[in-house]
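Here's a quick walk through this model, chain by chain and contact by contact. Have the viewer open and follow along.

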Amino acid sequence: MDDHSQPTPFFLRAILAIVWKDLRAEFRSLELVSSMLVFSLLVILIFNFALELDIKTRQSVTAGVLWATFAFAGTLGLNRSMSIEKDRGCMDGLLLAPVDRSAIYFGKFISNLAFMLLVEVFVLPIYSVLYNTNLFQPGLLLVILLGSIGYTAVGTLLAAMSVQTRTRDVLLPILLFPVAFSVLLAAVKASGGFLSNSELTDILLPINLLIAYDVIFIAVAFMVFDIVVEE
Amino acid sequence: MRPKPMTLKILDVISILVLGIAAYLALVVAPTELVMGDVQRVFYFHVGTAWTALLGFIFSAVLSVIYLVTKDLKWDRIQVAAIEVSLVFFFITIVLGSIWARPAWNTWWTWDPRLTTATITELIYIAYFMLRQGIDDPDRRARFGAVYALLGGISAPITFFAIRLFRTIHPVVIGGSNVNAEGGFSMTADMLGVFFFALFAFTVIFIDLFWNRIRLGDLQEQVEQLKLKVAG
Amino acid sequence: MFFQEPTPDTSSYMIAGYVVAFIVMGLYVASLYLRNRNLNRDMAMLEEMDKPVVKMELKQPKKKPAKPQTKSVTKRGRKKRP
């Protein structure tokens with residue numbers, strides 16, 4: 001029997017294969033990342049005009065606007081990523097492969113995360129320019145990483161479910177936002193803390209929460225994923 | 001269709017009685033609170049419904065696990081019943097909370113921790129039903145429902161602790177005589193009596209509605225089976 | 001004690017609260033009742049459709065103990081014999 005004390009090399013190879021497949025497919029067309037990016041910019045613009053704030057107030061909403069943008073763009077990416085799998089029959093192929101189902105989960109999770117981070121990397125400088133704030137602080141980048149991990153961990157699982165329903169794309173945000181609420185909240189809190197140069201002790205609490213959430217939900221999602229994709 | 005068991009019929013009657021007594025106690029017998037006035041009386045129903053609904057949600061997460069292990073659709077039907085009744089009760093909680101907030105804190109709504117968590121939790125379980133509605137295959141519907149209820153059940157307490165990062169203006173009533181939280185009050189002995197009776201009453205009512213709802217689910221299942229048989 | 005404000009009259013809110021609570025619960029009970037009734041009707045109809053057609057066509061003299069709803073003619077017409 002398999003030695004479950006360490007992930008077998010085969011397991012890891014399977015994950016990497018899935019990630020590599022997704023990344024290669026994406027870089028050929030760039031359709032996913034480009035649509036997420038354009039969408040993010042539009043959202044930021046809308047917030048810019050809708051909120052019409054003076055410079056000082058803008059600073060205080062930066063964290064919120066940023067995470068709202070990431071949440072919406074993230075949903076887009078998750079939906080597309082899973083729909084592509086289903087529509088092209090890739091998912092069936094993956095399921096037939098002699099690979100642990102949780103490897104599929106980790107593979108999709110990592111590639112979804114990669115796309116989301118890529119989009120965020122492009123959004124940050126644009127936001128910095130538009131709002132005249134420097135967003136490239138290490139603390140903030142850490143929060144963005146942790147938040148994206150948590151969001152994508154749950155999102156990948158829920159997208160796998162929603163793509164199998166009649167209502168499909170529309171359902172994912174409905175399922176995801178309430179469950180991911182605490183990630184977004186903690187992320188906004190922590191981001192805001194770093195941007196306003198708060199005491200580190202204040203920021204530690206939301207960061208701990210983010211880490212806890214990431215751990216808990218990656219564990220739960222990976223255990224439950226294969227129930228969700230079985231035929 | 002099995003006729004309604006006698007126990008359930010009795011329970012129906014008891015539920016109505018107990019509801020009436022609780023209302024009477026809350027509206028007439030309990031003393032008027034000094035600072036807030038009569039609106040405080042909604043508190044008895046507010047906590048009664050909150051308490052049972054939250055237990056219902058936790059129970060439904062447990063049911064998820066049971067279903068996923070046993071694969072017996074009976075547990076799925078029980079879960080649907082639990083979540084549906086809890087959803088209704090929790091809705092009452094939220095509305096009563098808002099009504100209480102208005103004269104106490106001078107606002108219909110406030111994004112304070114408990115209210116926010118309550119809304120998010122309610123949305124999770126509404127999403128549960130929307131998820132189920134989009135699936136035709138009963139086995140898949142049950143599986144996905146169970147997974148989502150489990151996720152929701154885990155995330156709800158996390159959400160609560162997350163929002164506790166902020167100061168709350170929600171009254172900490174059981175904390176006793178600390179009236180520093182605005183809108184808080186300490187309960188006198190007779191209020192306590194009414195309070196516990198209301199908790200008991202809503203537990204009884206919840207069980208009654210829950211049982212009835214399970215039977216409805218069973219009936220639905222029988223009808224579905226018969227439909228398949230007749231059409232086939 | 002002299003400077004304490006009198007207890008405000010918030011009874012209208014209290015009434016609103018209780019009215020809402022009772023209405024919501026009432027609506028839910030009504031929904032349970034209606035759904036139950038509809039399902040029972042469906043059940044009766046399906047049981048009717050499920051009755052073996054043979055007995056109806058041969059007009060057996062011996063009737064089964066009376067069912068609560070007996071229809072002699074259905075609008076759906078006769079089923080074809082297999």
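## A bent helix, then the contacts

Helix 3 of chain A has a bend of about 50° at Val61(A). Keep in mind that everything here comes from a predicted model. How far apart are the end C-alpha atoms of helix 3 of chain A? They sit 46 Å apart, which agrees with the 48 Å that its 33 residues (55-87) should span at 1.5 Å a residue. Just past helix 3 of chain A comes Gly89(A), with a positive phi of about 75°.

As for overall scores, the model gets an ipTM of 0.88 and a pTM of 0.84.

**Chain B on its own**

Chain B has 6 helices and 0 strands, so to speak an α-α-α-α-α-α run from the N terminus on. Along the principal axes, its C-alpha atoms fill a box of roughly 70 × 45 × 25 Å. Buried residues account for 42% of the 232 residues of chain B. If you take the contacts in chain B between residues at least 6 apart in sequence, 74% of them join residues at least 24 apart.

One stretch of chain B needs some care: over residues 167-182 the pLDDT is below 50, though the model gives this stretch 31 contacts beyond near neighbours in sequence. Where pLDDT is low, the predicted coordinates shouldn't be read in detail.

Here's how chains B and C line up on a few basics:

| Chain | Helices and strands | Mean pLDDT | Residues with pLDDT at least 70 |
|---|---|---|---|
| Chain B | 6 helices, 0 strands | 84 | 90% |
| Chain C | 2 helices, 0 strands | 74 | 57% |

Chain C has 82 residues, and 6% of them are buried.

**Where chain B meets chain A**

In this contact, 22 residues of chain B go up against 23 residues of chain A. Which elements of chain B give two or more residues to that side? They are helix 4 (113-133) and helix 5 (138-163). Helix 5 of chain B gives the most, with 12 residues. By class, the side of chain B that touches chain A comes out at 17 nonpolar, 4 polar and 1 charged.

**Where chain B meets chain C**

Here 30 residues of chain B are in contact with 24 residues of chain C. On the chain B side, helix 2 (42-70), helix 3 and helix 6 (189-231) each give two or more residues. Helix 6 of chain B gives the most to this side, with 11 residues. The class split for the side of chain B that touches chain C is 19 nonpolar, 5 polar and 6 charged.

**The nonpolar core**

The largest nonpolar core has 135 residues. Which residues have the most contacts inside this core? The list is Val154(A), Leu175(A), Ala186(A), Leu210(A), Ala221(A) and Ala198(B). Helix 3 (residues 73-105) of chain B gives the most to the core, with 17 residues.

Leu210(A) is a handy place to zoom in. Setting aside neighbours within four places in sequence, Leu210(A) is in contact with Leu146(A), Gly147(A), Gly150(A), Val183(A), Ala186(A), Ala187(A) and Ala190(A). Among these partners is Ala186(A), which is also on the list of residues with the most contacts inside the core.

Terms used. Residues numbered from 1 in each chain as written. Chains lettered and ligands numbered in written order. Predicted model: local features only at pLDDT ≥ 70, side-chain atom pairs only at ≥ 80, totals over all residues. Contact = placed C-beta atoms within 7 Å. Helix = DSSP H or I, 4+ residues; strand = E, 2+ residues; numbered from the N terminus. Nonpolar A, V, L, I, M, F, W, Y, C, P; charged D, E, K, R; others polar. Core = buried A, V, L, I, M, F, W, Y, C linked by C-beta atoms within 7 Å. Buried ≥ 20, exposed ≤ 12 C-beta atoms within 10 Å, placed from the backbone. pLDDT = per-residue confidence, 0-100. Expected span 1.5 Å × (residues − 1). Bend = angle between axes of the 7 residues up to and from the residue.
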